[in-house]
Amino acid sequence: MITLDFVFILMGLMMAGIAIVNLRDRTSAKRYNNAAFWGIYATTFLVGSHLPNFVNGTLVIAMVLIVAVGKLRGAPAEGTTRVDREASAARWGNKLFIPALTIPAVTLLGTLTLKRIHLGGVALIDAKQVTLISLGFGIAVALIVGLVMLRPPVTAPIVEARRLMDAVSWAAVLPQMLAALGAMFTLAGVGPLVAGIIQRWIPLDTALIVVVAYTVGMALFTSIMGNALAAFPVMTAGIGLPLIVHRFGGDVVIMAAVGMLSGYSGTLITPMAANFNIVPAALLELPDSNAVIKAQIPTAILLLVANTAIMYFFVYRK
Amino acid sequence: MLPLIGIFIVVAGFALRLNPLLVVATAAIATGLAAGHALVDVVSSFGKAFIDSRSVAVVWLALPVIGLLERAGLKERARTVIARIHVATTGRLLLAYLAVRQLTSALGLTSLGGHPQMVRPLIAPMAEAAAENHWGELSEETRNRIRAHAAAVDNIGLFFGEDIFIAIGSILLIRGFLDQSGIHVEPSALALWAIPTAVCAFIVHGTRLLLLDRSLKLACERDHDRGAAADAAGDA
């Protein structure tokens, strides 16, 4: 059966390749740092599932120290000039979109069909991970299409991947680091502590205030945790269920569905949701790492108001 | 109260603009220690959580393909294509992407979009080119603003589309959590109540995108006036 480990092996090989390209780049003053950083990251993909947790933790701390003490070098200059690329674009025309659109096309096809395929009674792929495995397939097929069509030097894909990966740099690892922080918060019982503080300090005695405390609380706690899924159990156990549903007789479905969506306003405004906010700023080479958040703040606030109104007007109607 | 130290470290670290990777790792270790766990246990659970969340990094696999196509002129081609569609302005283009992203996410096809595979190679260059067509050369500041909006549209379309799909993580989590509290809810009922917010999101953000066109036009005119004034001063 093909599981997510198949995709992780591909990730590990790519990261290892990026480490090697960095190591061989004599023009880079920080080449050993970059190579060590991506090399360790490659290790977590290739053998991370088999290493003891403590060893994995130590590897991650080593990556953090490389970034904090040694620093990484950013993206190298592009290997091609704008004139080259415009000439190439004119030559290939719309065919250039074929490999790019192969990724979503094959991902879609895989998501719809791979679950149903069985070989000798065993499922071909792990059905729970069908989207990510299909994405892995889609990218692999797109790469083959691109290589056959464009016939670039063999090293081009990995050299280009290194250029983009070094542009994103350490921000690429931040989402996983934040997931680890979330796990530590859970381990330490941070959620119940925060819910306790809200219940103690805010007078939750009218139906409206309870709704506002819940939706705004979801947004704020999500912006601390970086993830609405982490904030939901805490806020719902603290305010949603005991107050909105049990004390004031609100509808549990509307409370839960709209409560979760209120949390998304928090996701839009926090650097803690790194994969949505900080990583794209790095990927698009924006000088201000908070630029994406700034573009989202007005929408986030208006939607929080809208969600609060939706919940208040519908949750108590039976 | 002591375990809350992690939250303070994060807030202070981001405020002081220290390296986020260092800030978050420090906060994680400090939180575990403050809760009274031994260092070895803290490092172990930290490592386990990092390994368990590797799937968020899978999108990076697209970089060899995207890089290869960028090298062959994909961004330049995306610009040429959009230049031929005269009605395409930055705001209208992003509005169309918002609609597509919300609808596909609502069908559970969340990995059809995304920053590495759609925004960087296609949406952002097209949004920049649409602005150049209508309002001339862009200042660095305006270009960055357009890129930030391109990234934001991807997020907003995803967040306020995916919850309409019944098998998405957040709906499964809500259901699992309520089951533990002895309350059974249907995923379809939860998905249904995501629709009003999805409509609000499209109206609110769509309006902002159409207003963005006006604001970009003014910004470009101002930049050009400033450029012209600087040229005139240079001539004198």
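Which handedness does the crossing of helix 8 of chain A and helix 13 of chain A have? The crossing is right-handed, where right-handed describes a near helix turned clockwise from the far one by less than a right angle, and left-handed an anticlockwise turn. This is a predicted model, in which local features need pLDDT of at least 70 and side-chain atom pairs count only at pLDDT 80 or more, while totals for chains, interfaces and linings use all residues. Residues are numbered from 1 along each chain as its sequence is written, and chains are lettered from A and ligands numbered from 1 in the order in which they are written. Here is a friendly tour, by topic.

**Confidence**

- The model scores ipTM 0.88 and pTM 0.87.
- Chain A has a mean pLDDT (the predictor's confidence in each residue, from 0 to 100) of 90, and 100% of its residues reach 70 or more.
- Among the elements of chain A, the lowest mean pLDDT, 79, belongs to helix 9 (residues 190-201) of chain A, and the highest, 97, to helix 14 (residues 291-315) of chain A.
- For chain B the mean pLDDT is 90, with 98% of its residues at 70 or more.
- Among the elements of chain B, helix 9 (residues 169-180) of chain B has the lowest mean pLDDT, 85, and helix 8 (residues 140-162) of chain B has the highest, 96.

**Chain A overall**

- Chain A holds 14 helices and two strands; these are DSSP runs numbered from the N terminus, with helices being H or I of at least four residues and strands being E of at least two.
- Along the principal axes, the C-alpha atoms of chain A fill a box of roughly 70 × 50 × 45 Å.
- Of its 318 residues, 52% count as buried, meaning that 20 or more other C-beta atoms, placed from the backbone, lie within 10 Å of the residue's own; 12 or fewer make a residue exposed, and anything in between partly exposed.
- Among contacts in chain A with a separation of 6 or more, 73% come from residues 24 or more positions apart; a contact here means C-beta atoms, placed from the backbone, within 7 Å.

**Where the chains meet**

- On the chain B side, 94 residues are in contact with 111 residues of chain A.
- That side of chain B has 60 nonpolar, 24 polar and ten charged residues, with Ala, Val, Leu, Ile, Met, Phe, Trp, Tyr, Cys and Pro counted as nonpolar, Asp, Glu, Lys and Arg as charged, and the others, Gly among them, as polar.
- A:Pro152 touches B:Leu68 and B:Arg71, not counting residues up to four places away in sequence.
- A:Pro152 sits in the loop between helix 6 (130-150) and helix 7 of chain A, and it counts as partly exposed because it has 15 C-beta neighbours inside 10 Å.

**Two helix pairs**

- The axes of helix 8 (residues 174-188) of chain A and helix 13 (residues 274-283) of chain A come within 9 Å and cross at roughly 150 degrees; axes are lines fitted to C-alpha atoms, for helices over the stretch in contact, and angles run from 0 to 180 degrees between N-to-C directions.
- Helix 8 of chain A is therefore roughly antiparallel to helix 13 of chain A, as angles over 145 degrees count as roughly antiparallel, under 35 as roughly parallel, 65 to 115 as roughly perpendicular and the rest as oblique.
- In this pair, A:Leu174, A:Pro175 and A:Leu178 of helix 8 meet A:Ala274, A:Asn275, A:Ile278 and A:Val279 of helix 13, a contact with six nonpolar, one polar and no charged residues.
- In chain B, helix 2 (residues 20-34) and helix 3 (residues 39-52) pack at an angle of about 135 degrees, with their axes 9 Å apart, which means that helix 2 of chain B is oblique to helix 3 of chain B.
- Helix 2 of chain B passes helix 3 of chain B in a right-handed crossing.
- B:Ala28, B:Ile29, B:Gly32 and B:Leu33 of helix 2 meet B:Leu39, B:Val42, B:Ser45 and B:Phe46 of helix 3, with six nonpolar, two polar and no charged residues in the contact.

**Loop residues in chain A**

- A:Gly74 lies in the loop between helix 3 (53-70) and helix 4 (82-92) of chain A, and A:Gly74 touches A:Asp166, A:Ala167 and A:Ser169, leaving aside residues up to four places away in sequence.
- A:Ser169, in the loop between helix 7 (156-168) and helix 8 of chain A, has a positive phi near 60 degrees although it is a residue other than glycine.
- A:Glu285, in the loop between helix 13 and helix 14 of chain A, is not a glycine either, yet has a positive phi of about 55 degrees.

How values were computed
Two residues are in contact if their C-beta atoms, placed from the backbone, lie within 7 Å.
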